Structure formats: structure tokens, C-alpha cells
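Me: I'm new to this one and would like to learn how to read it feature by feature. Can you walk me through it?

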Amino acid sequence: MSVQTDSSPGPALEQLKFLSPAEVRHVAETFGTPVFVYDEQRIRDGVALLKDLPSAYGHTIRYSLKASPSAAVIRLFDSLGVHFDASSVWEVIRAVRAGVAPEKILMTAQEADFGSAELPDLIRRGLQFDAGSLQQLTEYGEAFPGTEVSVRINPGFGSGLVRRLTSGGPDSSFGIWHEQVPEVKAIAERYDLTVTRLHVHIGSGHHADVLLPAARRLLEIAKDFGDVRAVDLGGGYRITVMADDPEYDHSEWAEELASDLRLFAEQTGRELHMEMEPGTFLVANAGSIVAKVIDVVTTGDEGRRFVKINAGLTEILRPSYYGSPHPVVAVTREGELPPEGPRSDVAGHCCIAGDVLTTRPGSVEELSPVRLGAVEPGDYLVVERSGGYCASMSMKNFNSYPEAPEVLRRPDGSFTLIRARQTIDQLTANEIIPDDLKTEAV
Ligand SMILES: *Cc1c(COP(=O)(O)O)cnc(C)c1O
């Protein structure tokens with residue numbers, strides 16, 4: 001066998017982010033596996049950190065709902081005074097149902113249907129609209145002439161962890177191309193619209209040295225739009241995921257932006273408010289998937305060792321979709337950390353070959369085994385950085401696996417269910433069998 005315990009230098013052995021090994025066992029035994037666990041204190045700490053960022057004339061934090069839109073998570077952010085970024089009218093509706101005032105929500109969406117029953121009504125109730133194209137701005141103007149509006153700009157460049165996470169530049173369909181600003185002006189005049197906010201979202205996991213030029217492009221444009229009161233920098237703030245990743249200090253770019261805004265105020269007499277829309281930053285490292293090891297298979301002398309778990313694409317798409325690494329940590333069934341075992345790949349429970357969690361970073365076609373504690377079927381694997389874009393962005397119900405439950409660890413250390421495991425009745429609830437195909441049995 002070529003697989004053996006590997007203590008050579010290389011990637012670090014990953015560690016649990018917030019659960020203790022005993023809590024992993026407790027959660028698994030109480031709620032079953034697979035299960036998402038979110039840590040309320042980490043979310044609170046992230047909000048506090050962003051509220052403390054330097055800013056020239058104040059700043060608003062908008063939590064990006066698409067990262068994790070469960071009602072309890074929304075309530076937590078609302079109770080902390082955070083506002084919201086919504087990527088579709090349906091996210092807006094979820095937030096409003098969870099008790100969020102529509103005026104606290106800014107909608108920036110690829111699809112905005114002003115002929116629908118929902119969107120115009122929500123706008124009348126205070127929902128703020130960010131036009132992501134000239135077409136959207138025109139449709140908004142036709143529906144709501146004489147009102148205020150935001151405009152999303154594609155600054156001509158972007159930055160993200162991978163190309164699929166980059167939402168600025170010529171290869172991105174998001175926002176109004178920066179050279180089309182004169183057309184924004186013309187449409188705004190035609191419908192008597194007042195542009196009060198300029199927005200960019202250049203990508204997820206961007207470099208701060210790309211964010212600042214994007215912000216400066218907004219400030220240039222703001223000189224031409226005298227009613228602009230706020231610049232919104234979107235989301236995408238980098239976080240430390242793997243043990244070997246660097247730490248990121250977000251106060252550095254915030255300080256630089258604050259001095260840009262002060263300079264802008266000196267030149268124009270206008271004090272612009274800053275807005276930001278973090279999703280990943282606030283929730284990603286505040287969530288873990290607790291899964292059970294169900295099998296271990298090896299594939300010959302030149303082959304691999306796969307640890308299979310009872311979660312996969314149905315809970316976490318990111319490794320196979322982006323090639324993004326997630327720390328994986330082994331915990332024994334007794335709730336203890338095992339000694340290090342052989343380097344392994346981790347496979348999910350779906351019956352397609354793409355359900356692997358150990359893709360090579362940046363390359364979804366290749367595998368890259370990780371250091372892992374020694375486990376066998378019946379033990380647990382915890383997949384970290386699973387609080388954002390996992391429960392909300394999974395291959396839900398593939399192979400007819402029911403949607404996994406979500407649990408919140410409260411600051412007092414207790415665990416409470418915030419979304420129950422889906423039932424097979426819920427999974428098939430909308431299916432209709434034509435009468436002539438019905439059998440006695442169903
Ligand atoms: C997705 C998105 C965000 C959040 O991005 P993160 O990478 O999760 O911080 C913010 N703003 C807009 C417009 C988005 O589409």
C-alpha cells in the first residue's frame with residue numbers, strides 16, 4: 001500500500017474552528033447527521049468587528065442574504081442593527097417574512113420583474129432598488145418615475161478567488177459598464193430619477209488593492225451625480241480559511257477609503273456615507289457541517305484512500321464547483337480527536353464522480369488528498385467554512401437526499417434547531433401524477 005501516515009512538511013493538519021470534539025458528538029447524537037451548525041457568537045463578533053472599521057462619515061453593514069438566508073440567521077442580524085443585501089425578490093420576501101423592514105433592504109439582482117405582483121409592492125413599501133443594467137434602470141424609471149434609485153457600476157475590472165467568483169470586468173455581466181454612465185444620466189433625466197447611491201461588487205474574495213481603485217472609480221462618477229449620498233462597495237471581503245492562510249486586516253483599506261472620502265468632501269462639500277455588503281465574511285467561518293464517516297475505500301498501490309461521508313454535493317457544492325478548499329477535521333465516535341491517520345481524499349454520498357471535497361485548489365478536475373485524523377466508519381468528519389454558500393447553494397435533493405437541518409449554538413453554549421430536516425413528504429409535495437398513470441398503491 002502506498003498510503004501511509006504522512007508527517008512530512010506540507011499543508012497543516014486542520015483544526016476545528018469553534019466546536020469542541022465532545023460537542024461534535026453531542027450535536028450528531030442530538031440532531032442526527034449530516035447537520036449544519038452555526039455559531040451565534042462568531043456572527044456577533046464579526047458584526048462588531050465591521051462596525052468598528054474606520055470610516056469618514058459613517059458606514060452601514062448590509063448582510064448579503066444569499067450566503068445563508070435561514071429565518072433565525074436573518075433575525076440575528078436584524079437584532080444587531082445590520083441591514084441587508086438581497087439578490088432576488090424572493091430573498092427580499094424571505095427577509096420581510098422574518099420581520100425585516102423593507103426599507104432596510106437593498107435589492108441588487110440579475111432578475112427584476114416590475115410586471116410581477118411582488119416587486120412593485122415591496123418597492124412601494126420601502127425596498128431600495130439597485131439597477132444592475134441600463135434595461136433595469138429604464139424599467140424601474142417607467143414603473144417609479146420621480147423616485148430615488150441606486151446604480152451598480154461595472155468598474156472595468158474585478159477580482160475574486162477564482163474566475164467564477166469575479167463579478168467585474170469585461171467578462172462579467174453584472175452592473176452598468178463604467179463607460180455607459182452618460183446613458184445612466186440620460187435615463188435618469190427621462191424618468192426624473194435621483195441617483196442617490198453608487199454601487200460596485202467586484203467579486204468574492206477580492207484583493208483590497210482592487211477594491212480601492214473600484215471605490216475611486218465610484219468617487220469619480222459621484223462628482224457628476226450631485227445627489228449621490230452613499231457609495232456601496234459590495235461584499236467579497238477575504239477571510240482566513242485554511243490553517244496556512246494569511247490573516248487579513250480590513251482596517252487598512254477602510255482607513256484609505258476614509259481618507260479618500262474626506263478628500264472628496266473637501267473638493268465637493270459632500271460627505272458620502274460608506275456601505276458594505278459582506279456575506280462570506282460574516283457567516284462562512286461561523287458554520288460547520290457535522291457528517292458521519294460511512295465508508296473507507298482504497299484503489300490499489302498507485303491509487304487513493306477515500307473516506308466517504310454521509311454529506312456531499314447536497315450540502316456543499318463549493319469544492320467541486322469552485323475548487324475551493326475547506327478544512328476537514330476528524331472526530332471519533334467517542335467525541336475525541338484521533339491521532340493523525342493516512343492522507344486521504346474525502347468523497348460525498350452522491351452517485352456522481354464529481355462528489356469529492358478534496359479537489360485541488362483552483363482545479364476541480366484534480367484531487368488533492370488532505371491530512372486527516374485516523375477515522376473509520378461510525379466516526380465523524382467536520383467540514384469547516386460551511387456557514388456561507390453551503391446550505392444556501394447546494395445540489396439540494398439530488399439522489400433524493402432530504403435537506404439537512406440547521407442548528408444554532410447560542411452564546412450560552414446550548415444548541416437549538418433552527419431548520420428541521422426535510423421530510424420525504426415535503427420533498428415530493430408538489431409532484432402530480434396524471435389520473436391514468438395512478439395505481440392503487442399511491
Ligand atoms: C454575493 C454578493 C455579496 C456578498 O459577497 P460575499 O463574497 O459573500 O461577501 C455582496 N453584494 C452583492 C451585490 C452580491 O451579489
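Me: Let's start with Ile61: is it buried or exposed?

Reply: The general idea is to compare the relative accessible area with a cut-off, and buried means under 20%. This is a predicted model, and in it Ile61 has 7% relative accessibility, so it counts as buried. You'll find Ile61 in strand β2, residues 59–64.

Me: Which residues does Ile61 touch?

Reply: Leaving out residues up to four places away in sequence, Ile61 touches Val47, Leu50, Lys51, Val82, His83, Met276, Pro278 and Leu282. Here's a separation to try on the model too: Ala284 is 223 residues from Ile61 in sequence, and their C-alpha atoms are 16 Å apart in space.

Me: Now strands. How do I read which way the side chains point?

Reply: In a regular strand, side chains alternate between the two faces of the sheet. Take β1, residues 35–39: Val35, Val37 and Asp39 point one way, while Phe36 and Tyr38 point the other way.

Me: And how many residues of β1 are buried?

Reply: Five of its five, so β1 is mostly covered. That goes for the residues pointing either way.

Me: Which strands does β1 pair with, and in which sense?

Reply: Look for the bridges and then the direction. β1 runs antiparallel to β11 (residues 287–298), joined by four bridges, and Tyr38 stands opposite Gly287 there. With β18 (residues 406–409), β1 pairs in the parallel sense, again over four bridges. On that side, look for Phe36 opposite Glu406.

Me: Where does the sheet go from β11?

Reply: β11 is joined to β12 by five bridges, and these two run antiparallel. One pair to find is Asp295 with its bridge partner Lys308 in β12. β11 and β12 form a hairpin with six residues between them, and Gly300 in the turn has a positive phi of about 90°.

Me: What else can I read from β12?

Reply: β12 spans residues 305–309 and is mostly covered, with four of its five residues buried. β12 also pairs with β14 (residues 345–347), in the parallel sense, over three bridges. Val307 stands opposite Val346 in β14.

Me: Which residues are closest to the ligand?

Reply: For a ligand, start with the shell around it and then pick out the polar contacts. Here 14 residues surround the ligand, and the closest are Lys66, Ser204, Gly236, Glu277 and Tyr389. Sorted by type, the shell divides into two nonpolar, eight polar and four charged residues.

Me: What about the polar contacts?

Reply: Check side chain and backbone separately. An N or O atom in the side chain of Lys66 is 2.7 Å from an oxygen atom of the ligand. From the backbone, a polar atom of Gly236 is 2.7 Å from a ligand oxygen, and a backbone N or O atom of Gly279 lies 3.0 Å from a ligand oxygen. As for cover, the ligand taken alone exposes 390 Å², and the protein buries 95% of that.

Me: Can a residue in a loop be read the way we read Ile61?

Reply: Use those steps again: place, cover, contacts. Ser159 is in the loop between β6 (148–154) and β7 (176–177), and at 8% relative accessibility it counts as buried. A polar atom of the Ser159 side chain lies 3.0 Å from the backbone nitrogen of His207. Among the residues Ser159 touches are Leu165, Ile202, Ser204 and Val210.

Me: And where is His326?

Reply: His326 sits in the loop between α11 (318–322) and β13 (328–331). With a relative accessible area of 5%, His326 is buried. A polar atom of its side chain lies 3.4 Å from the backbone oxygen of Arg385. His326 also touches residues including Met242, Ile316, Val383 and Cys390.

Me: Last one: what should I look for in the backbone angles?

Reply: Look at omega for the peptide bond and at the sign of phi. The bond from Thr33 to Pro34 is cis, with omega near -5°, and Pro34 lies in the loop between α1 (21–31) and β1. Asp192 isn't a glycine, yet has a positive phi of about 55°; its relative accessible area is 52%, so it's exposed. Asn399, in the loop between β17 (380–383) and β18, has a positive phi near 60° and is partly exposed at 32%.

Methods:
Residues are numbered from 1 along each chain as its sequence is written. This is a predicted model: local features need pLDDT of at least 70, side-chain atom pairs count only at pLDDT 80 or more; totals for chains, interfaces and linings use all residues. Side-chain values use heavy atoms; hydrogens and water are left out. Buried means under 20% relative accessible area, exposed over 50%, partly exposed in between (1.4 Å probe, protein chains only). A polar contact is a pair of N or O atoms within 3.5 Å; within protein, one must be able to donate a hydrogen and the other to accept it, and residues adjacent in sequence count only if both atoms are side-chain atoms. Contact means heavy atoms within 4.5 Å. Two strands pair if DSSP finds at least two bridges between them. A residue is near a molecule or strand if one of its heavy atoms lies within 4 Å of it. Accessible areas come from the Shrake-Rupley method with a 1.4 Å probe; for residues, only the protein chains shown count as cover. Ala, Val, Leu, Ile, Met, Phe, Trp, Tyr, Cys and Pro count as nonpolar, Asp, Glu, Lys and Arg as charged, and the others, Gly among them, as polar.
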